[in-house]
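Visitor: Please pick one part of this model and take me through it closely. I'd like to hear what it packs against, and then a few spots elsewhere.

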Amino acid sequence: MTTAQATKNDPTTHLTADDIENLGRELDAIRDGVIASRGERDAAYIRKVIAGQRKLELTSRTVLLFSLFPPAWIAGTMGLSISKIIENMEIGHNVMHGQWDWMRDNKIHSTTWEWDNASPAEMWKHSHNEVHHTYTNVRGKDHDLGYGIMRVDENQKWMPFYLAQPLWNFINACMFQYGIAAYDLEIGKYLKGRTDKDEFRRNGKKVLAKVRRHITRDYLLHPLLSGPSFVSTLTANLAANLVRNLWTHSVIMCGHFPEGVQTFEKSSIDGETRGEWYLRQMLGSANISGSPVMHFMTGNLSFQIEHHLFPDLPSNRYQEIAPKVRELFERYGLTYTTGSLPRQLASAWKKVFKLSLPNDFGKSAPAEVDVAAESNPLLPRTSCRGGV
């Protein structure tokens, strides 16, 4: 790799600068083809998804009015969980990426959409669209890389704090929407005195107002409407939010942390070209294989490689272009990192545990060899510790 040098085991040494720029032009051609063919079928798709999600949420909340009865609780909770996942991933995330701005529909536009999430859309778009997607997997620049609480590469200095990162990661998964809100607020930078205090207070008020609306709706208003089913509706909303948080966190883990995904030094992006930026997205992402239903429930982020290459293309097109992208990987001698959800999730969690420990943990020190024995083949070879 040229300026986009991976931290270790560079998988791009066989590519010349011309190869990388040619790769960039071929990816540009794929993108241009999708943009040129966007039309009514794409618009119909997102409108259908939004209408279906809203009907599912309304139906589920209606069923939960009778959640005192176990079948209603189960059906309502399942429906509400699915509804929240779809709204968060296939709709909110992708609309706020500007994937549907070309429709010029004010109701489905990145500048007007507000999602069912604790993090205000404006703050999320800055931290995710502007920072994460620009500096994908660049340590010290991409704040999504470990969210500031995890060690994600062996080249990061180990500290005792990281021993607890499996626990922090699990807690973050359970409360993911609030973790993202805190992350978008950049609390760490504020505590280090690197953020304007007035701006931090303004953003903090926005987050608290958003959280207050969520809590009022899910844990007060809807339970109150359920009357005798207050407690069971409250627990249903808690369960639905937990399911949504765990699912979203798992999908993101699978797209960014499995074995095979590369991270990069800050200096690696100095003077980075368009082709090199594309190459970094290819090496810094991983896909999840599965059925069309699974792809839909991930917000098509199961095609994380394609999403990082083309974050503003309609999500329903990622599956269509994935074979073309994969063919480029193969032709340019690169590894297209993909696997089933269980496999990718296990790989990501394995890395979380592994990197919570020092690099040399569990590795025995090399034996000190008896120099005399090494120099004389007739003498027995022993270590200085006296073992034969």
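Guide: Let's start with helix 6, then turn to some side chains elsewhere. This is a predicted model, so local features need pLDDT of at least 70 and side-chain atom pairs count only at pLDDT 80 or more, while totals for chains, interfaces and linings use all residues. Residues are numbered from 1 along each chain as its sequence is written, and side-chain values use heavy atoms, with hydrogens and water left out.

Helix 6 runs over residues 176–185 and is mostly covered, with seven of its 10 residues buried. (Helices are DSSP runs of H or I, at least four residues, numbered from the N terminus; buried means under 20% relative accessible area, exposed over 50% and partly exposed in between, with a 1.4 Å probe and protein chains only.) The buried ones are Phe176, Gln177, Ile180, Ala181, Tyr183, Asp184 and Leu185. They pack against helices 4, 5, 7, 8 and 9. Right after helix 6 comes Glu186, with a positive phi near 55 degrees.

Now for the partner helix 4. Its axis and that of helix 6 are 9 Å apart, at an angle of about 75 degrees; axes are lines fitted to C-alpha atoms, for helices over the stretch in contact, and angles run from 0 to 180 degrees between N-to-C directions. The two helices are therefore roughly perpendicular, a label that covers 65 to 115 degrees. On the helix 4 side, Met123, Trp124 and Ser127 meet Ile180, Tyr183, Asp184 and Leu185 of helix 6, where contact means heavy atoms within 4.5 Å. Those residues split into five nonpolar, one polar and one charged; Ala, Val, Leu, Ile, Met, Phe, Trp, Tyr, Cys and Pro count as nonpolar, Asp, Glu, Lys and Arg as charged, and the others, Gly among them, as polar.

On to the aromatics: the whole structure has eight aromatic pairs. (Rings of Phe, Tyr and Trp, the last by its six-membered ring, pair if their centres lie within 6.5 Å; planes under 30 degrees apart are stacked, over 60 edge-to-face and the rest tilted.) Phe161 and Trp168 have ring centres 6.2 Å apart and planes at 25 degrees, so this pair is stacked. Phe161 is partly exposed at 41%, and so is Trp168 at 31%. Ring pairs link both of them with Tyr162 into a cluster.

Last stop is Ser83 in helix 3, which is buried at 1% relative accessible area. Leaving aside neighbours within four places in sequence, Ser83 touches Gln53, Leu56 and Glu57.

Terms used: Angles under 35 degrees count as roughly parallel, over 145 as roughly antiparallel, 65 to 115 as roughly perpendicular and the rest as oblique.
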